[in-house]
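Here are my notes after a look through this one. Have the structure open while you read, and go point by point.

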Amino acid sequence: MNIEQKSIIAINALKNIMGIFLGPFLTVYFIKTSQDSLLTISTYYILSFFILALGTILVAAIVNRKYRIEMYRLGVIVNFIYMMSIVILQDKMVNYLPLIGILYGISMATYWYPYNMFISNKIANKDRTKFTVLN
């Protein structure tokens with residue numbers, strides 16, 4: 001495997017580790033801090049997935065022409081900003097859930113579309129099994 005492939009695996013591994021911690025714990029934290037308001041939590045997830053869908057369409061239009069690596073970097077940076085906003089806001093986060101949901105949708109769209117493009121373009125068919133196992 002070349003250095004590009006190893007870099008993609010390393011970045012994705014870090015993102016997956018953060019996702020393991022943020023996924024279930026973030027939902028429980030939302031429930032705890034929002035006084036069990038399902039409307040607030042639902043708004044967060046609806047906005048996240050709406051922006052993810054819309055963002056993916058926009059990212060696809062940009063990435064298919066060029067700027068793949070730049071968009072991937074942007075995805076990593078926006079993901080970092082998303083996580084830092086959760087850490088910084090803590091209990092006040094419930095007041096900003098719609099904005100954090102939008103930020104999450106943007107971070108997912110700018111990360112996953114270029115990531116999947118890299119996988120299809122940078123990993124040769126003969127190396128896909130090894131790459132998948134290592135990933």
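1. Start with Y104, which comes out as partly exposed because its relative accessibility is 22%, and the cut-off for buried is under 20%. Keep in mind that this is a predicted model.

2. Y104 has a ring partner in Y82. The two form a tilted aromatic pair, 4.9 Å from centre to centre and with 40 degrees between the planes. Y82 sits in helix 3 (residues 68-89) and Y104 in helix 4, so their pairing ties together parts of the chain 22 residues apart in sequence. Unlike Y104, which is partly exposed, Y82 is buried, at a relative accessible area of 2%.

3. This pair belongs to a wider group: Y44, Y45, Y82 and Y104 make up one aromatic cluster. Over the whole structure, the search turns up seven aromatic pairs.

4. Another pair to look at is Y111 with Y115. Here the rings are stacked, with centres 5.8 Å apart and planes at 10 degrees. Both tyrosines are in helix 4, and because they are four residues apart, about one helical turn separates them. How buried or exposed are these two? Y111 is buried, with 1% relative accessible area, and Y115 is buried as well, at 5%.

5. Helix 4 also carries T110, so have a look at its surroundings: with a relative accessibility of 6%, T110 counts as buried. Where does its side chain find polar partners? A polar atom of the T110 side chain lies 2.8 Å from the backbone oxygen of I106. The backbone oxygen of S107 is 3.4 Å from a polar atom of that side chain. I'd check both distances on screen.

6. Which residues does T110 touch, once neighbours within four places in sequence are set aside? The list is V59, M71, Y72, L74, G75 and V78.

7. Last, the helix packing. Helix 2 (residues 38-63) and helix 4 (residues 97-122) have axes that come within 7 Å of each other and cross at roughly 35 degrees. The crossing of helix 2 past helix 4 is right-handed. What is the make-up of this contact by class? It has 18 nonpolar residues, eight polar ones and no charged ones.

Conventions
Residues numbered from 1 in each chain as written. Predicted model: local features only at pLDDT ≥ 70, side-chain atom pairs only at ≥ 80, totals over all residues. Heavy atoms only, no water. Axes fitted to C-alpha atoms, helices over the stretch in contact; angles between N-to-C directions. Helix = DSSP H or I, 4+ residues; strand = E, 2+ residues; numbered from the N terminus. Left-handed = near helix turned anticlockwise from the far one by under 90°. Nonpolar A, V, L, I, M, F, W, Y, C, P; charged D, E, K, R; others polar. Buried < 20%, exposed > 50% of the residue type's maximum accessible area, 1.4 Å probe, protein only. Polar contact = N/O pair within 3.5 Å; in protein donor to acceptor, adjacent residues only side chain to side chain. Contact = heavy atoms within 4.5 Å. Phe/Tyr/Trp six-rings, centres within 6.5 Å; stacked < 30°, edge-to-face > 60°.
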